[in-house]
Amino acid sequence: MQHYTHSKMACWMALDRAVALAESQHIEPTWLGRWQRERDRIRDWIESHCWSEQQQAYLFYAGSDDRLDASLALVHSYGNAVNPQRMLSTYRAIRQKLGDGSAMLYRYSGVREEESTFLACAFWLVEAWAEMGEADEAEQAMQEILATLNGHGNVDIFNEMYDVRSQSWRGNMPQGLSHLALICAAQALSESQAPA
């Protein structure tokens, strides 16, 4: 059984939200102490088992050595579950190791031979950069994604994946997740560039 980093971080978030609700008296606080302890144990476990000094990134799962998971781009919204500097370092590693040479990303390490780049992951990373104060990185990635996809002319409907080698769409179509990820990325990027 693998202990996937993203799943562990989601468990941390669930407990953290339960703690916040109990502390604000929105739910019964009977188990508040236990939720706090378990939340902190999960965070500590993630930091000691899912971080790779060698990769300078959170790994796909504990003990995976060098495997990365692009879905970690969603973790920026989880709050204090992760160290922000480690998360930024993870995002750099994801772009470098799961990218195709541009901002298009494969879902996780080792899938390049089986699948094409996964649009939602690329847009999730744009949103993460923007939300974490890396507006220039976000803008550059967004421009690269759009330039890649617009190579076919106007794109009205996105598929699930895009094969950068053959420059063709792959996977399910239409894919609502791809469109939602684009909208969220564009909104985050726009907000990060708005005057204060």
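**Figure 1. Surroundings of H76 and Y91 in the predicted model.** Not counting residues up to four places away in sequence, H76 touches Y91, E127, A128, E131 and M132. H76 lies in the loop between strand 2 and helix 3. With a relative accessibility of 18%, H76 counts as buried, because the cut-off for that class is under 20%. The contacts of Y91, leaving aside its neighbours within four places in sequence, are L72, A73, V75, H76, L125, A128, W129 and M132. A128 and M132 thus appear in the list for H76 and in the list for Y91.

**Figure 2. The largest nonpolar core.** This core has 53 residues, of which Y91 and F123 touch the most other members. At least two residues each are supplied by helix 1 (5–23), helix 2 (32–49), strand 2 (57–58), helix 3 (84–98), helix 4, helix 5, strand 4 (161–163) and helix 6. Helix 4 gives the largest share, 11 residues.

**Figure 3. Helix 6 and what covers its buried residues.** Helix 6 spans residues 176–193, 18 residues in total. From its first C-alpha to its last, helix 6 reaches 26 Å, close to the 26 Å expected at 1.5 Å a residue. S178, A181, A185, A188 and L189 are the buried residues of helix 6. They cover an arc of only 100° around the axis, so they lie on the same side of helix 6. Helix 4 (119–131) and helix 5 (135–149) are included in what covers the buried residues of helix 6.

**Figure 4. Helix 1 and its packing.** The end C-alpha atoms of helix 1 are 27 Å apart, which agrees with the 27 Å that its 19 residues should span at 1.5 Å a residue. The buried residues of helix 1 are T5, H6, M9, W12, L15, D16, A18, V19 and A22. Helix 2 and strand 2 are what these buried residues pack against. Q25, just after helix 1, takes a positive phi of about 65°.

**Figure 5. C50 and its contacts.** C50 is placed in the loop between helix 2 and strand 1. The relative accessible area of C50 is 0%, and C50 is buried. Not counting residues up to four places away in sequence, C50 touches T5, W45, A57, Y58, L59 and A62. One of these contacts, T5, is also among the buried residues of helix 1. The C-alpha atoms of C50 and K8 are separated by 9.4 Å, with the two residues 42 residues apart along the chain.

**Figure 6. The open sheet of three strands.** The strand order is 3-4-5, and the pairing is antiparallel. Strand 3 (117–118) and strand 5 (168–170) stand at the edges; each has a single partner strand, so one side of each is left without a neighbour in the sheet. Strand 4 and strand 5 pair in the antiparallel sense over three bridges. D163 stands opposite S168 in strand 5.

**Figure 7. The aromatic cluster of Y4, F60, Y61 and Y108.** The model has seven aromatic pairs. For Y4 and Y61 the ring centres are 5.6 Å apart and the planes stand at 80°, so the pair is edge-to-face. Y4 lies in the segment before helix 1 and Y61 in the loop between strand 2 and helix 3, so this pair ties together parts that are 57 residues apart in sequence. Y4 is partly exposed, with a relative accessible area of 35%, whereas Y61 counts as buried at 14% relative accessibility. F60 and Y108 form a stacked pair, at 5.2 Å centre to centre and 25° between the planes. This pair links distant parts of the chain, 48 residues apart: F60 is in the loop between strand 2 and helix 3, and Y108 is in the loop between helix 3 and strand 3. F60 is buried, with a relative accessible area of 11%, and Y108 is partly exposed, with a relative accessible area of 22%.

**Figure 8. Positive phi at Q56 and D65.** Q56 is not a glycine, although its phi is positive, at about 55°. Q56 has its place in the loop between strand 1 (51–52) and strand 2. Q56 is partly exposed, with a relative accessible area of 33%. D65, also a residue other than glycine, has a positive phi near 65°. D65 is in the loop between strand 2 and helix 3. D65 is exposed, with a relative accessible area of 57%.

Key
Residues numbered from 1 in each chain as written. Predicted model: local features only at pLDDT ≥ 70, side-chain atom pairs only at ≥ 80, totals over all residues. Heavy atoms only, no water. Helix = DSSP H or I, 4+ residues; strand = E, 2+ residues; numbered from the N terminus. Expected span 1.5 Å × (residues − 1). Buried < 20%, exposed > 50% of the residue type's maximum accessible area, 1.4 Å probe, protein only. Arc of directions from axis to C-beta. Contact = heavy atoms within 4.5 Å. Core = buried A, V, L, I, M, F, W, Y, C linked by side-chain atoms within 4.5 Å. Pairing = 2+ DSSP bridges. Phe/Tyr/Trp six-rings, centres within 6.5 Å; stacked < 30°, edge-to-face > 60°.
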